[in-house]
Amino acid sequence: WGVRSQLSEADAALLLTGFAVGAMALQIPLGWAADRFDRRTVLAVIAAGSALSPLGIAASGGAFWAVTFFAACWGAISVGLYTVALTEIGARYRGAALAVGNAAIVLGYGFGALVAPGLYGFAMDAVPPDGLLYAASALAFGYLALVLARLARARAQARAAVRRSAEIP
């Protein structure tokens with residue numbers, strides 16, 4: 001994306017470095033947040049940040065430091081998805097169910113690693129050069145919708161359980 005956006009190869013490599021530094025910097029704070037707050041809410045924040053950061057890059061008008069800032073934010077927040085998902089699975093399941101849940105997360109990541117490069121390349125060709133950013137944002141907004149639906153379902157189930165317990169004489 002960087003080279004297609006008229007950045008030098010060195011500057012494009014610096015963007016990758018910014019993404020990676022961001023990814024490393026926020027993992028411990030995200031793990032801390034996942035231990036102290038509702039993990040689905042933390043996942044919703046991660047999804048929102050993962051959707052908005054690429055849009056920030058696209059809106060930056062190519063200003064290198066703004067692009068680097070949003071790349072670091074994107075790395076910081078999006079890589080936390082794996083951290084928090086594993087924390088949620090570990091808190092929710094034990095034994096064989098934990099192994100199945102972990103395998104599902106690994107399978108999802110593997111599928112994403114297989115499909116995303118082709119999808120993003122297609123998106124960059126279809127909407128040069130920002131198609132990658134728009135595609136990544138759209139996928140993150142899709143994940144955000146899933147997380148919000150799950151949050152709403154969990155809250156509705158909790159309300160129903162409270163009503164049922166109030167009805168028991």
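Me: How many aromatic pairs does the structure hold?
Reply: In this predicted model, the ring pairs include that of F19 with W74, which is edge-to-face, and that of W32 with F37, whose planes stand at 75 degrees. Counting every such pair, the structure holds five.

Me: Which parts of the chain does the pair of F19 and W74 tie together?
Reply: The two rings are 5.7 Å apart centre to centre, with 85 degrees between their planes, and the pair is therefore edge-to-face, the angle being over 60 degrees. The partners are 55 residues apart in sequence, so the pair ties together helix 1, which holds F19, and helix 4, which holds W74.

Me: Is W74 buried or exposed?
Reply: Its partner F19 has a relative accessible area of 28% and is partly exposed. For W74 the value is 15%, and because buried means under 20%, W74 counts as buried.

Me: What is the geometry of the pair formed by W32 and F37?
Reply: Both residues are partly exposed, W32 with a relative accessible area of 44% and F37 at 48%. Their ring centres lie 5.8 Å apart and their planes meet at 75 degrees, so the pair is edge-to-face.

Me: Which residues does S50 touch, leaving aside those up to four places away in sequence?
Reply: S50 lies in helix 3, and with a relative accessible area of 9% it is buried. Once residues up to four places away in sequence are left out, the residues that S50 touches are W74, I77, S78 and A140.

Me: How many helices and how many strands are there in the protein?
Reply: Read from the N terminus on, the elements run α-α-α-α-α-α-α. The C-alpha atoms fill a box of roughly 70 × 30 × 30 Å along the principal axes. The count of elements is seven helices and zero strands.

Me: What share of the contacts with a separation of 6 or more joins residues 24 or more positions apart?
Reply: One example of residues distant in sequence is the pair of G62 and L7, which are 55 residues apart in sequence while their C-alpha atoms are 8.3 Å apart in space. G62 itself has its place in the loop between helix 3 and helix 4 and is partly exposed at 43% relative accessibility. For the protein as a whole, among contacts with a separation of 6 or more, the share from residues 24 or more positions apart is 73%.

Me: Which element supplies the largest share of the largest nonpolar core?
Reply: In soluble globular proteins, nonpolar side chains tend to be buried together. Here the largest nonpolar core has 13 residues, of which L30, V42, A44, I46, V84 and V147 touch the most other members. Helix 2, helix 3 and helix 7 each supply at least two residues of this core, and the largest share, five residues, comes from helix 3.

Me: Which residues does V84 touch, not counting those up to four places away in sequence?
Reply: V84 belongs to the largest nonpolar core and is one of the members that touch the most others. With residues up to four places away in sequence not counted, V84 touches L30, A34, R39, V42, L43 and I46.

Me: How many residues make up the second, separate core?
Reply: Across the protein, buried residues make up 34% of the 169 residues. The second core is separate and includes L15, I57, V67 and M124, and its residues number eleven.

Me: What accessible area does the nonpolar patch on the surface have together?
Reply: The patch is formed by L52, L55, V127, Y134 and F141, and the elements that give two or more residues to it are helix 3 and helix 7. F141 is found in helix 7 and is partly exposed, with a relative accessible area of 37%. Together the five residues of the patch have an accessible area of about 430 Å².

Me: Where does a cis peptide bond occur?
Reply: P129 has its place in the loop between helix 6 and helix 7. The omega angle of the bond is about -15 degrees, and the residues that this cis peptide bond joins are P128 and P129.

Me: What is the phi of Q6?
Reply: Q6 has its place in the segment before helix 1 and counts as exposed at 70% relative accessibility. Although Q6 is not a glycine, its phi is positive, at about 75 degrees.

Notes: Residues are numbered from 1 along each chain as its sequence is written. This is a predicted model: local features need pLDDT of at least 70, side-chain atom pairs count only at pLDDT 80 or more; totals for chains, interfaces and linings use all residues. Side-chain values use heavy atoms; hydrogens and water are left out. Patches are made of residues with over 30% relative accessible area and no salt bridge: like charges are joined within 9 Å, nonpolar side chains (Val, Leu, Ile, Met, Phe, Trp, Tyr) within 5 Å. Accessible areas come from the Shrake-Rupley method with a 1.4 Å probe; for residues, only the protein chains shown count as cover. A salt bridge is a side-chain nitrogen of Lys or Arg within 4 Å of a carboxyl oxygen of Asp or Glu. Helices (H or I, at least four residues) and strands (E, at least two) are DSSP runs, numbered from the N terminus. Buried means under 20% relative accessible area, exposed over 50%, partly exposed in between (1.4 Å probe, protein chains only). A nonpolar core is a set of buried Ala, Val, Leu, Ile, Met, Phe, Trp, Tyr and Cys residues joined through side-chain atoms within 4.5 Å. Contact means heavy atoms within 4.5 Å. Rings of Phe, Tyr and Trp (its six-membered ring) pair if their centres lie within 6.5 Å; planes under 30 degrees apart count as stacked, over 60 as edge-to-face and the rest as tilted.
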